[in-house]
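Trainee: I would like to learn how to read a protein model feature by feature. Could we go through one together?

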Amino acid sequence: MKHSLSLVALLLVASVVPATSVLALDTQSLVSSETKETTKDLVPIPPVVQKTMDRLFSLQPELKKLHIITSTNREDNQHFRVYLNDRTEEEIESGKEGMSAHLEFDEKTGELLSFNISAAAWASDKLPSLQLTYDTADKFLTQWLGREGRKQFGKPVSYGSGGSASYHEDGTITAWRERDVEFPLILNGIPVESDIGPRIGVNSFGYVTSYAYTPIDLEKVTVPKPDTALPVEEIKQKIITADSIGLNYVEAQPEKYGSNWNDAKMKPALLYQIQLLGYYQPQTGQPIDTLSGTVKKQESITSTALKKITLQPKGQPLIVHSEDEAKQMLSKLFGNKVAVGDLRIENSPFFAQDEVSSQQVYEFSTEDHKTRATVITDKKTGQVQHARLRGDTEQKSTPIKVTEEQAFAVARDFVETYAGPTATQLASLDVISEEPEIPAWVDKSKLPEVSSEHFSEVHVFFFVELYQGIPVQDRMYQVSVDNRTGDIVSFHFPVPQEKLNLPDSKHIVTKEQALSAFLNHKSMKLQYIWPRYMDQRAPAPFLVYTWDYAEGLGYVDALTGNYIIISSEQGKE
């Protein structure tokens with residue numbers, strides 16, 4: 001059975017948020033070495049490019065210390081690239097550290113398209129505060145574009161963080177971190193949601209380390225007018241209906257969201273939530289596909305649509321207190337003993353343990369980095385919360401196919417074996433990951449050949465505990481089964497509990513009362529979306545309605561009928 005991913009995302013919020021930043025990291029993307037240009041040619045720098053370089057050097061005086069190693073032009077996209085360094089080629093090849101920069105320009109106009117600067121003196125595994133990042137990035141953008149040019153973009157928005165590392169023969173590691181922000185393009189007073197605005201990286205020393213922006217000739221673009229949209233109150237009547245509201249328990253509902261999850265005040269709650277999250281056609285309120293801009297079929301999402309199952313949980317312990325125990329557990333549960341046997345601990349500075357975090361993270365990889373594994377445990381108890389084995393293994397050549405029914409049985413039995421005593425009544429969700437259709441505006445002749453094998457390598461199953469027949473949002477189980485071997489390749493479990501301390505659902509407000517509260521309080525806003533597909537961008541943005549989370553996330557307390565806003569402290573550090 002196919003269910004909307006919206007509900008899965010909603011149910012996963014509470015169960016995986018604390019580990020999200022860790023799970024998103026991939027060691028291979030963090031390891032970098034000094035880029036070396038193989039060409040010895042120094043193509044003459046066009047005067048328009050040189051003029052831009054001189055201006056950039058005045059704003060980034062550190063670049064004046066560097067000399068040009070290579071300058072090349074790319075005929076395929078008419079870009080001009082310059083690589084600079086403060087060392088000789090011999091010093092670079094010997095591994096000596098210093099400062100380097102990669103600059104890219106439009107060869108015809110001289111427009112700066114991007115730059116990246118790396119310096120040994122800027123090495124640090126610390127991230128800058130958001131405020132330092134915002135202030136530094138805003139100052140640079142204003143200086144670069146001028147005050148009038150700056151006005152076409154909105155306030156900076158955090159876009160995550162990145163880093164790189166150099167590994168030395170003596171075993172030491174030099175790490176760099178930066179925080180990235182994007183300045184959204186503003187059209188008709190409305191921001192464009194996409195990576196279409198300038199993106200700037202800042203390090204903890206307050207230096208701008210990266211910049212990327214490709215200007216768009218808006219005179220050639222037809223932008224939908226906001227006055228064609230229905231008033232927001234009319235749209236809300238079309239979108240917020242009884243079918244869009246779901247009832248869920250939350251074992252640990254935070255009073256506010258912040259960067260330090262462990263210090264957040266929690267309480268059990270029974271709440272009504274809007275379950276159709278997304279973007280809506282501004283004249284009809286119908287959900288739309290964010291790639292094509294066309295209306296998509298709206299799916300009714302209610303807890304009754306879930307497949308309920310009964311288990312007799314055995315509660316076999318999953319406890320890990322060391323790297324060796326983590327490897328033993330991987331070998332026992334994941335079946336691929338050959339791949340697990342070759343794993344070694346990943347000593348990346350970005351996996352250094354956070355003293356504040358309640359979690360312990362073990363990262364492993366083979367010497368060739370083709371196979372990786374992650375184990376996350378509760379730091380105090382050693383209880384395993386997440387484990388994953390991924391990458392190239394000899395099993396990829398195995399022709400055996402495991403049906404979805406067979407994989408479901410494996411996943412169900414796995415949960416029954418290791419889940420705690422509260423997992424007697426569960427509901428299952430089968431999530432089918434489908435390759436999105438290619439939008440009509442894409443030039444298919446320019447698309448690279450991409451294998452679609454990865455779409456069918458695993459069956460993924462989600463199970464959520466039920467209490468009084470109602471899903472407990474933060475007691476979600478996820479199990480992935482290799483469809484060639486039937487082996488478990490990843491799982492995520494909530495912390496086992498002897499019993500759940502949740503409010504009684506006998507005396508709650510009706511769905512109609514919750515609906516009225518949402519209509520009165522839930523905010524929506526107009527937004528432009530300018531989609532991309534691989535390296536192609538749609539010819540024009542489209543206008544949508546979406547939810548406004550400026551004040552925070554909102555829900556209706558099912559016990560009182562009150563509309564509760566959960567504010568966020570993220571971005572205020």
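Mentor: We will begin with the whole chain and then turn to single strands, helices and residues.

Mentor: Please keep in mind throughout that this is a predicted model. The protein chain holds 10 helices and 29 strands, and of its 573 residues, 47% count as buried.

Trainee: What share of the contacts between residues at least 6 apart in sequence join residues at least 24 apart?

Mentor: In this protein chain the share is 66%. One pair that is separated along the chain is glutamate 233 and methionine 524, which are 291 residues apart in sequence, while their C-alpha atoms are separated by 8.8 Å. Glutamate 233 belongs to helix H6, residues 232–239, and its relative accessibility of 48% makes it partly exposed, because that class lies between 20% and 50%.

Trainee: How should I read a strand such as S22, and which strands does it pair with?

Mentor: One looks at the neighbours of the strand and at how covered its residues are. S22 pairs with S21 in the antiparallel sense over 9 bridges, and it is joined to strand S23, residues 488–492, by 4 bridges, again running antiparallel. On the S21 side, tyrosine 467 stands opposite isoleucine 470 of S22, whereas on the S23 side valine 481 stands opposite isoleucine 488. As for cover, 13 of the 13 residues of S22 are buried.

Trainee: What do the hairpins on the two sides of S22 look like, and which residues take a positive phi there?

Mentor: The general idea is that most residues other than glycine have a negative phi. In the hairpin of S21 and S22, with 2 residues between the strands, glutamine 468 has a positive phi near 55°, although it is not a glycine. Glutamine 468 is partly exposed, with a relative accessible area of 40%. In the hairpin of S22 and S23, which has 5 residues between the strands, the positive phi, near 80°, belongs to glycine 486.

Trainee: Where does asparagine 188 lie, and is it buried, exposed or partly exposed?

Mentor: Asparagine 188 sits in the loop between strand S7 (186–187) and strand S8 (190–193), and with a relative accessible area of 42% it is partly exposed. Asparagine 188 has a positive phi of about 55° although it is not a glycine.

Trainee: How can I check a helix, for instance H7, against its expected span?

Mentor: One compares the expected span with the separation of the end C-alpha atoms. Helix H7, residues 323–334, has 12 residues and should span 16 Å at 1.5 Å a residue, and its end C-alpha atoms are 16 Å apart, so the two agree. Several residues of H7 are buried, among them Ala326, Met329 and Ser331, and the helix is followed by glycine 335, whose phi is positive, near 80°. Serine 331 of H7 also lies 10.0 Å from leucine 389, C-alpha to C-alpha, although the two are 58 residues apart in sequence. Leucine 389 is in strand S19, residues 384–391, and counts as buried because its relative accessible area of 10% is under 20%.

Trainee: Which residues make up the nonpolar surface patch of about 240 Å²?

Mentor: Leu277, Tyr549 and Leu553 make that patch. Tyrosine 549 is in the loop between strand S27 (542–547) and strand S28 (553–557), and at 37% relative accessibility it counts as partly exposed. For the surface as a whole, the protein chain exposes about 29,100 Å², of which carbon and sulfur atoms supply 49%.

Notes. Residues are numbered from 1 along each chain as its sequence is written. This is a predicted model: local features need pLDDT of at least 70, side-chain atom pairs count only at pLDDT 80 or more; totals for chains, interfaces and linings use all residues. Side-chain values use heavy atoms; hydrogens and water are left out. Buried means under 20% relative accessible area, exposed over 50%, partly exposed in between (1.4 Å probe, protein chains only). The expected span of a helix is 1.5 Å times one less than its number of residues. Patches are made of residues with over 30% relative accessible area and no salt bridge: like charges are joined within 9 Å, nonpolar side chains (Val, Leu, Ile, Met, Phe, Trp, Tyr) within 5 Å. Accessible areas come from the Shrake-Rupley method with a 1.4 Å probe; for residues, only the protein chains shown count as cover. A salt bridge is a side-chain nitrogen of Lys or Arg within 4 Å of a carboxyl oxygen of Asp or Glu. Contact means heavy atoms within 4.5 Å. Two strands pair if DSSP finds at least two bridges between them.
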